[in-house]
Amino acid sequence: MSLAWLWGIFLIGAMLLLAVAGTLLARRWVGVEVLKLNNEVAGFIYAVIGVLYAVLLGFTAIIVWEQFDKAQAGVDQEANELADLYRDAQVFPEDTRRELDTHLRAYARLVVEKEWAAMAERKSSPETWEVYNRLWRTYHRFRPQDDHERIWYAQSLARLNQLGDQRRLRLLSSRSDGVPDVMWAVLLGAGVITIGFSFLFGTRSARAQVFMTSGLALTIALVLFSILALEHPFAGITRVDPDAFDQVADIFDVWSRSGAGQSR
């Protein structure tokens, strides 16, 4: 079990323990009748605290989700550029086409087999870097012989630059620190205050108050858990997967079996 899972389980358990223990201790030490006297005034203050914390919590969750979604979109775009490079290469001479075929296939394979595991440790794969550089060297050596090849060569270079941009963004995203520590301190501290403020209310049934406070604590804990799960797109509990590159490898096989570019 990863450290992130342990932190998530600890977070949920700590929030629930705080809710149950805090409610029972407040009723015992202060007294239900005294707590009931605070219900009206505490209700107005609690509404303000609840709204402020809900906005903060929701805003953070949305930002983290957007970053995760952006990382997934970047991976899909990188895989798309790889597939387009393979198709564009079919118009080149046979020796260049075979060389590009080898490098593009190796790139897709190494990203899945080597680099994805490396990104979980905030690193990159030296093997993938080497194949990526070989791909560039192949295009540097190639000299188009006619206008037809020049058009496709220009298109290929544009896609190769896009591939490099998406790769760099992916690696940068894998090394991101996620939610800053100060924000985690604010989220956790404000969460404790929000849950703790509910102890100031008094209800006739202790069981009902424990259930309500526990429900509030569980809701907050689950949202915090979702933020924890998504803040590291390539190393968190929920991760971006390399399925797009697996699909690209299948596309290469389909094109190869169909004989694309063999008529040249």
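Nine helices and zero strands make up the secondary structure of the protein in this predicted model, and read along the sequence the pattern is accordingly α-α-α-α-α-α-α-α-α. The radius of gyration is 27 Å, well over the 18 Å that the globule rule gives for 264 residues, so the protein is more spread out than a compact globule. Taken along the principal axes, the box filled by the C-alpha atoms is roughly 90 × 35 × 30 Å.

Of the 264 residues, 41% are buried, while the protein exposes about 14400 Å², with carbon and sulfur atoms supplying 63% of that area. Among contacts between residues at least 6 apart in sequence, 82% join residues at least 24 apart.

The pockets can be taken in turn. The largest pocket holds about 330 Å³ of space and is lined by 15 residues, with Gln67, Lys70, Ala71, Leu169 and Ser173 lying nearest its centre. Helices α3 (39-88) and α6 (147-174) each supply at least two residues of this lining, and α3 provides the largest share, six residues. By residue character, the lining of the largest pocket divides into seven nonpolar, five polar and three charged residues.

The second largest pocket holds about 250 Å³ of space, and among the 11 residues that line it, Leu3, Ala4, Trp7, Leu228 and His232 lie nearest its centre. Helix α1 (residues 3-29) gives the most to the lining of this second largest pocket, contributing three residues, and the lining as a whole comprises six nonpolar, three polar and two charged residues.

Definitions and conventions. Residues numbered from 1 in each chain as written. Predicted model: local features only at pLDDT ≥ 70, side-chain atom pairs only at ≥ 80, totals over all residues. Heavy atoms only, no water. 1 Å grid on protein atoms, 1.4 Å probe; cavity = no way out; pocket = protein on both sides within 12 Å on 5 of 7 lines; lining within 4 Å. Points joined across faces, edges and corners; volume = space filled by probe spheres on them. Helix = DSSP H or I, 4+ residues; strand = E, 2+ residues; numbered from the N terminus. Nonpolar A, V, L, I, M, F, W, Y, C, P; charged D, E, K, R; others polar. Rg over C-alpha atoms; globule rule 2.2 N^0.38 Å. Buried < 20%, exposed > 50% of the residue type's maximum accessible area, 1.4 Å probe, protein only. Contact = heavy atoms within 4.5 Å. Areas by Shrake-Rupley, 256 points an atom, 1.4 Å probe, with all protein chains shown as cover.
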